[in-house]
Amino acid sequence: MNPTEAPARAASPDANRLHVRQLSHAFQTADGVSTTIFDRLDFAVREGEIVSIVGRSGAGKSTLFNLVSGLLTPQSGHIAIGARTDGSPGRIAYMLQKDLMMPWRTVLQNALLGVELYRKVRPDDVTRARDMLARYGLASVADAYPHSLSGGMRQRVALTRTLLVEPTLVLLDEPFSALDYETRLALEDDIIALREQTGTSVVLVTHDIEEAIAMSDRVILLGGRPARVQDEIDITLSTHGPRTAVSAREAPEFRAYHARVWNGLRSGATVQSDSRTPQGAAHE
Ligand SMILES: Nc1ncnc2c1ncn2[C@@H]1O[C@H](COP(=O)(O)OP(=O)(O)OP(=O)(O)O)[C@@H](O)[C@H]1O
Ligand SMILES: [Mg+2]
């Protein structure tokens with residue numbers, strides 16, 4: 001399902017939207033060998049914060065999202081989802097790395113699926129869905145079936161589905177990977193605006209270092225096996241005017257942050273066998 005409606009894993013005792021404590025998880029291979037992906041991992045995401053998680057392929061980023069969303073059950077540790085300011089439970093929306101459209105449902109019906117998972121769809125949900133699809137350039141295909149869509153269009157439908165559930169915490173696993181540069185920047189702006197307008201917290205997994213820096217308040221570099229927080233970088237950018245996808249990239253601090261993340265990824269490579277190269281190496 002996408003987005004995945006996670007059960008409130010535990011009421012958060014603190015102000016964080018997400019608090020992961022001492023999280024441990026291992027996978028068993030068919031021949032019985034156990035690989036520990038996380039061993040007592042700790043991190044937290046505050047209200048209205050945008051955090052990017054970067055790490056080489058196979059580092060455990062999607063596994064972390066699967067654990068946080070409840071798709072996987074951790075072997076041990078605590079995952080606490082913070083309540084809304086009015087005390088009602090928080091809600092996670094998870095946009096999976098694969099967009100998972102249901103081919104027998106129209107684009108509009110796919111967009112409404114997340115809402116449907118937790119309550120009856122109301123007429124204003126349909127209006128919100130149509131408005132959001134229109135904003136993402138999908139008005140003309142709202143009543144079409146997903147097979148007629150490009151990869152980028154499918155990602156935008158998946159994003160619509162994720163945001164329509166009015167989550168307190170959004171997990172986005174490489175959400176913009178199939179998009180052209182211009183659309184990618186527009187959607188980055190939409191996520192930044194979403195945080196400003198609703199205080200929604202966002203955790204973003206991306207291989208694009210520029211995207212991670214431009215969008216985030218904090219970048220977490222995940223590396224090693226078991227994966228640990230190899231570096232944690234608070235991002236402060238002196239932008240001309242409000243922070244946008246473009247103004248962030250033009251900030252004077254951008255290059256230095258880029259070099260720190262890139263060097264961190266490279267040094268992490270010594271403990272990973274995978275050779276996938278992070279995008280955006282041009283800034284090195
Ligand atoms: N269901 C599973 N069973 C066994 N091993 C798994 C399973 N899911 C993931 N793994 C292993 O766990 C490790 C982390 O995988 P994961 O998909 O979380 O990496 P990732 O950081 O998201 O990589 P990518 O950037 O390529 O998406 C990999 O070595 C992967 O092979
Ligand atoms: Mg992944």
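Biologist: Which helix gives the largest share of the shell around ligand 1?
Modeller: Happy to start there, bearing in mind that this is a predicted model. The shell around ligand 1 includes Lys61, Ser62 and Thr63. Three residues of the shell come from one helix, covering residues 61-69, and that is the largest share. The helix is α1.

Biologist: How do the residues of that shell around ligand 1 divide into nonpolar, polar and charged?
Modeller: Let's go through the names. Among the residues around ligand 1 are Phe27, Ile37 and Ala59, along with Gly55, Ser57, Gly58, Gly60 and Gln97. Lys61 is also in the list. By class, the shell has three nonpolar, seven polar and one charged.

Biologist: Which strands does α1 lie across?
Modeller: For this one, look at the open sheet of three strands, whose order is β2-β1-β4 with antiparallel pairing. Its edge strands are β2 (34-45) and β4 (76-81), each pairing on one side only. Helix α1 runs at about 115° to β1, and the strands it lies across are β1, β2 and β4.

Biologist: How many bridges join strand β1 to β2?
Modeller: These two strands run antiparallel, with β1 spanning residues 18-28. As an example of the register, Leu23 stands opposite Leu41 in β2. The number of bridges joining β1 to β2 is eight.

Biologist: Why is one side of β5 and of β9 left without a neighbour in the sheet?
Modeller: Good one! Six strands form this open sheet, with mixed pairing and the order β5-β6-β7-β3-β8-β9. One side of β5 (92-95) and one side of β9 (228-234) have no neighbour because these strands stand at the edges, each with a single partner strand.

Biologist: Which residue of β6 is the bridge partner of Ile92?
Modeller: Strand β6 covers residues 169-173 and runs parallel to β5, with four bridges joining the two. Helix α4 (residues 151-163) lies across this pair, at about 170° to β5. In β6, the bridge partner of Ile92 is Leu169.

Biologist: At the other end of that sheet, which residue takes a positive phi in the hairpin of β8 and β9?
Modeller: Strand β8 (residues 218-223) runs antiparallel to β9, and six bridges join them. Within this pair, Arg218 stands opposite Asp234. The hairpin has four residues between the strands, and the one with a positive phi near 90° is Gly224.

Biologist: Are α2 and α3 parallel or oblique to each other?
Modeller: Start from the geometry: α2 (residues 107-116) and α3 (residues 123-135) pack with their axes 10 Å apart, at an angle of about 120°. Angles outside the ranges under 35, 65 to 115 and over 145 degrees count as oblique. The two helices, α2 and α3, are therefore oblique.

Biologist: How do the residues of the contact of α2 with α3 divide by class?
Modeller: From α2 come Val107, Leu108, Ala111, Leu112 and Val115, and from α3 come Asp125, Val126, Ala129, Arg130 and Leu133. The contact of α2 with α3 thus holds eight nonpolar, no polar and two charged residues.

Biologist: And what hand does the crossing of α2 and α4 have?
Modeller: These helices pack with their axes 6 Å apart and an angle of about 35°. On the α2 side are Val107, Asn110, Ala111, Leu113 and Gly114, which meet Val157, Thr160, Arg161 and Thr162 in α4. By class, this contact has four nonpolar, four polar and one charged residues. The crossing of α2 and α4 is right-handed.

Terms used
Residues numbered from 1 in each chain as written. Chains lettered and ligands numbered in written order. Predicted model: local features only at pLDDT ≥ 70, side-chain atom pairs only at ≥ 80, totals over all residues. Pairing = 2+ DSSP bridges. Contact = placed C-beta atoms within 7 Å. Axes fitted to C-alpha atoms, helices over the stretch in contact; angles between N-to-C directions. Near = placed C-beta within 6 Å. Nonpolar A, V, L, I, M, F, W, Y, C, P; charged D, E, K, R; others polar. Left-handed = near helix turned anticlockwise from the far one by under 90°.
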